[in-house]
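Hi,

Here is the structure I said I would pass on. Have a look at it first, and my notes on what turned up follow underneath.

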Amino acid sequence: MATVPYQSSADTAERLIAEAMRQGTSHLATGLDAPPGTYLRIGGRDLVNFGTCGYLSLEQDERIRRGAVDATERFGVQFSISRSYVASGLNLELEALLREMYADHPVLVYSSTSLCHISVLPTLMAAGDTAVLDQQVHFSVQTAAQLVRQQGVELAMVRHNDLDALERRLRRSPSTGRKVWYLIDGVYSMFGDVAPIEDLARLLETYPALHLYVDDAHGMSWFGRHGAGYVFEKLGRRLSERVVLISTLAKGFGTIGGVAVFPTEELCGRVRINGGPLMYSHPLPPPMLGAAIASARIHLSDRIEALQAELAERREYCNELLTASGLPVVSDPGTPIYFIALGEPEVSYSMVRRMLDEGFYVNQSSFPVVPLKKSGLRFTLTRHVDRHHIRGLIEAVARHFPQALQEAGRTMTDVRAAFGRMLPEAGAKPARTG
């Protein structure tokens, strides 16, 4: 199997992050006098916000804010006890609403998605199993996977979306009943592309050993019926017994927390009893439970479709501008995450600094969250921005792109060499898989 090494060079990461901080493109902070929304106030300047992940802008929704306030007034700000002793009634109400969103699949809620992975992965896997990680699966999944290594689970990593490598592993797997878990994102947080769900569904039918563990944090809310997410919708709103879905309340949902969606009651019950953080970590506090309950009710109403449509209109407009610009876009045009390929980290420093100077907040994406020579400019779309803001950003990126390459002594040929097949041919329209 074509495996790739874990990219865990702390020295390289520290050097690159230190340089980004020196150039003022990373580890920034907002002021205290303005809420994040259309603008982020950074360094005393109001920058148009193309960097946060509240895709539907629900974090400022009055109903959700009122839900947090009401729960605080009724229950205070903390319920400090393990759920193995006593679960908050608010926690149970939220899980019931989420279960309705996910077509009656059993659900567990965590205070973060990272704790969700730490709880679920070691409970799912046993000695002799194999965990195959996509190279771009979220770092929180990679971190939790280290725990299962201690249980005798073999870890392997394959290149991003390389299903041929996965299938070679499946063909070699002996018929011992041991499982091969493929750990992926539904919508990838950096490159903004998507997992090949239809192809994976076919592999599930062909290979009984294959199991999927999917983090769809960036696919939730803006996609699918009730905002249940990209993967759940693509799987026909039904999880087979060999698929476990993880998501988050901390992005499009507008609040905070992690969500595990299980195919069976038996598996959910096993995690509820054995999934460490459910016993030793704090549950979501009442204010966040109240906010999440309010958001879940929005998701279960007709309102969610209108919010999704508003974001889709902005996304289509952005795609039109990007296609006309000729910029090297890696991301899938069906998602609200955009990635402009730049190559070397030095180019990304220059590009992001230029966008900040132009009044736009965007994300610098470089090692260790992407491979070393696949740095880029990442930006996100939310309902906070309108056509005027989107046009301004794309025009600024197109204007500064050649200048940033030149400043770093690079060319478009270098960019194409770094990204290879991830980039469409020059002049071609990006393929939509979402």
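Let's begin with the cysteines. The sulfur of C116 lies 11 Å from the closest cysteine sulfur, that of C268, so the two are too far apart for a bond. With a relative accessibility of 0%, C116 counts as buried (buried is under 20% relative accessible area, exposed is over 50%, and partly exposed is in between, using a 1.4 Å probe and protein chains only). C318 tells a similar story: its closest cysteine sulfur is in C53, 15 Å away, which is too far for a bond. C318 is buried as well, at 0% relative accessibility. A search of the whole structure comes back with zero disulfides (a disulfide being a pair of cysteine sulfur atoms within 2.5 Å). In general terms, a disulfide is a covalent bond between the sulfur atoms of two cysteines.

Before going on, some background. This is a predicted model, in which local features need pLDDT of at least 70 and side-chain atom pairs count only at pLDDT 80 or more, while totals for chains, interfaces and linings use all residues. Residues are numbered from 1 along each chain as its sequence is written, and side-chain values use heavy atoms, with hydrogens and water left out.

Next, L115, which sits in helix α4 (residues 113-124). Helices (H or I, at least four residues) and strands (E, at least two) are DSSP runs, numbered from the N terminus. L115 is partly exposed, at 21% relative accessible area. Its C-alpha atom is 7.6 Å from that of G258, although 143 residues separate the two along the chain. Leaving out neighbours within four places in sequence, L115 is in contact with Y110, P277 and S281 (contact means heavy atoms within 4.5 Å).

Helix α4 comes up again with helix α5 (residues 139-149), where S140, V141, Q142, A144, A145 and V148 are buried. These buried residues pack against α4 and against four strands: β4 (130-134), β5 (154-158), β6 (180-185) and β7 (210-215).

Which residues line the largest cavity? They are H138, D185, V187, D215, D216, A217 and H218. The space in this cavity is about 30 Å³, and the structure holds one cavity of 30 Å³ or more. On a 1 Å grid over the protein atoms alone, a cavity is a set of points where a 1.4 Å probe fits but cannot get out, and lining residues have an atom within 4 Å of a point. Grid points are joined across faces, edges and corners, and the volume is the space filled by probe spheres set on the points.

S295 is worth a look too. It belongs to helix α11 (residues 286-299) and is buried, with 0% relative accessible area. Not counting residues up to four places away in sequence, S295 touches L58, I64, F253 and T255.

Now the sheets. One is an open sheet of three strands, ordered β1-β2-β11, with mixed pairing (two strands pair if DSSP finds at least two bridges between them). Its edge strands are β1 and β11 (360-361), each pairing on one side only. β1 (residues 39-42) has a covered face, made of L40 and I42, and an uncovered one, made of Y39 and R41. β1 runs antiparallel to β2 (residues 45-49), joined by four bridges, and I42 has R45 as its bridge partner in β2. Two residues lie between the strands of this hairpin, where G43 takes a positive phi near 60°.

Another open sheet has three strands in the order β10-β13-β12, with antiparallel pairing. β10 (337-343) and β12 (363-365) are at the edges with a single partner strand each, so one side of each has no neighbour in the sheet. Neighbouring strands here are turned by 25° against each other on average, direction ignored. Axes are lines fitted to C-alpha atoms, for helices over the stretch in contact, and angles run from 0 to 180 degrees between N-to-C directions. β12 pairs with β13 (residues 375-380) over three bridges, and S365 has G376 as its bridge partner in β13. Helix α15 (residues 412-419) packs on this sheet, touching β10 and β13, with its direction at about 115° to that of β10. Helix α12 (residues 303-325) also lies across β10 and β13, running at about 25° to β10.

Note on methods:
1 Å grid on protein atoms, 1.4 Å probe; cavity = no way out; pocket = protein on both sides within 12 Å on 5 of 7 lines; lining within 4 Å.
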